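Trainee: I would like to go through this structure by question and answer. Where shall we begin?

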Amino acid sequence: MATPNPSKLLSRGIGRLTNLTFTHGKGTKVHTACGRTLLDFTTGIGVLNTGHSHPRIVAAAKDQCERIVHAQVNIGYHDKMLELTELLAPSLPHGLDTLFYSTTGAEAVENAVKIARCYTGKHAVVVFRGGYHGRTFGTMAMTTSSRIYR
């Protein structure tokens, strides 16, 4: 019995621009399983401002993975988080004295809404038409960029 195409087993809840399979990236280019090299205009939807596989980023990731892979912030502190906190604290605007770390944009958006509601005492949230805020239940309610996310 033939194995089905693995892409057919994936949820359609995430829209894809292409059916190409990417194998690796370097700098501004991505490479496909069929041997094509393409200029990556999305850069990981804006999170790869250093390009794919930047040597300093790869070295830092390797170093961290050799020390500890996942130091969950709600279990205890870890040295790199405290170092970053010391670095960022002087840049906080006047009146703000606390940092919050999250692992996803959706988590950051949901917590920003909680903080705003607590601070203002209001419950309504204004969002921009066409905006994308994430795939969690709360952020999907604020997302208007596509019906596929709702």
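Trainee: How many salt bridges does a search of the whole structure find?

Mentor: Keep in mind that this is a predicted model. Side chains of opposite charge can pair when their charged atoms come close. Searched as a whole, the structure gives a count of three.

Trainee: Which residue meets Arg 67 in a salt bridge at 4.0 Å, N to O?

Mentor: Both partners belong to helix α2, residues 55-67, and sit four residues apart, about one turn of the helix. Arg 67 is partly exposed at 42% relative accessible area, and its partner is partly exposed at 38%. That partner is Asp 63.

Trainee: What is the N to O distance in the salt bridge between Arg 67 and Asp 79?

Mentor: The side chains of Arg 67 and Asp 79 meet in this salt bridge. The pair links distant parts of the chain, with Arg 67 in helix α2 and Asp 79 in helix α3 (residues 79-88), twelve residues apart. Asp 79 is partly exposed, at a relative accessible area of 39%. The distance, N to O, is 3.3 Å.

Trainee: Which residue does Glu 83 meet in a salt bridge?

Mentor: The two side chains meet at 3.5 Å, N to O. Both residues lie in helix α3, three residues apart, about one turn of the helix. Glu 83 is partly exposed at 43%, and the partner is partly exposed at 35%. The partner is Lys 80.

Trainee: Which residues do salt bridges with shared partners join into one network?

Mentor: Arg 67 meets Asp 63 in one salt bridge. Arg 67 also meets Asp 79 in a salt bridge. With partners shared in this way, the network consists of Asp 63, Arg 67 and Asp 79.

Trainee: Turning to the strands, how many bridges join β1 to β2?

Mentor: Strand β1 covers residues 22-26 and strand β2 covers residues 29-32, and they run antiparallel. Within this pairing, Gly 25 stands opposite Val 30 in β2. The number of bridges is four.

Trainee: Which residue in the turn of the β1 and β2 hairpin has a positive phi?

Mentor: The hairpin has two residues between its strands. The phi in question is about 65°. The residue is Gly 27.

Trainee: What is the phi of Ser 53, and where is Ser 53 found?

Mentor: Ser 53 is found in the loop between α1 and α2. Ser 53 counts as partly exposed because its relative accessible area is 38%, between the 20% and 50% cut-offs. Although Ser 53 is not a glycine, its phi is positive, at about 55°.

Trainee: How much space lies in the largest pocket?

Mentor: Rolling a probe the size of a water molecule over the atoms shows where empty space is left. For the largest pocket, the space comes to about 820 Å³.

Trainee: Of the residues that line the largest pocket, which are the closest to its centre?

Mentor: The lining holds 21 residues, divided into eleven nonpolar, seven polar and three charged. At least two residues of the lining come from each of β3 (37-39) and α1 (43-46). The closest to the centre are Gly 15, Arg 16, Leu 17, Thr 42 and Ile 45.

Key:
Residues are numbered from 1 along each chain as its sequence is written. This is a predicted model: local features need pLDDT of at least 70, side-chain atom pairs count only at pLDDT 80 or more; totals for chains, interfaces and linings use all residues. Side-chain values use heavy atoms; hydrogens and water are left out. On a 1 Å grid over the protein atoms alone, a cavity is a set of points where a 1.4 Å probe fits but cannot get out, and a pocket is an open set with protein on both sides within 12 Å along at least five of seven lines; lining residues have an atom within 4 Å of a point. Grid points are joined across faces, edges and corners, and a volume is the space filled by probe spheres set on the points. Ala, Val, Leu, Ile, Met, Phe, Trp, Tyr, Cys and Pro count as nonpolar, Asp, Glu, Lys and Arg as charged, and the others, Gly among them, as polar. Two strands pair if DSSP finds at least two bridges between them. Buried means under 20% relative accessible area, exposed over 50%, partly exposed in between (1.4 Å probe, protein chains only).
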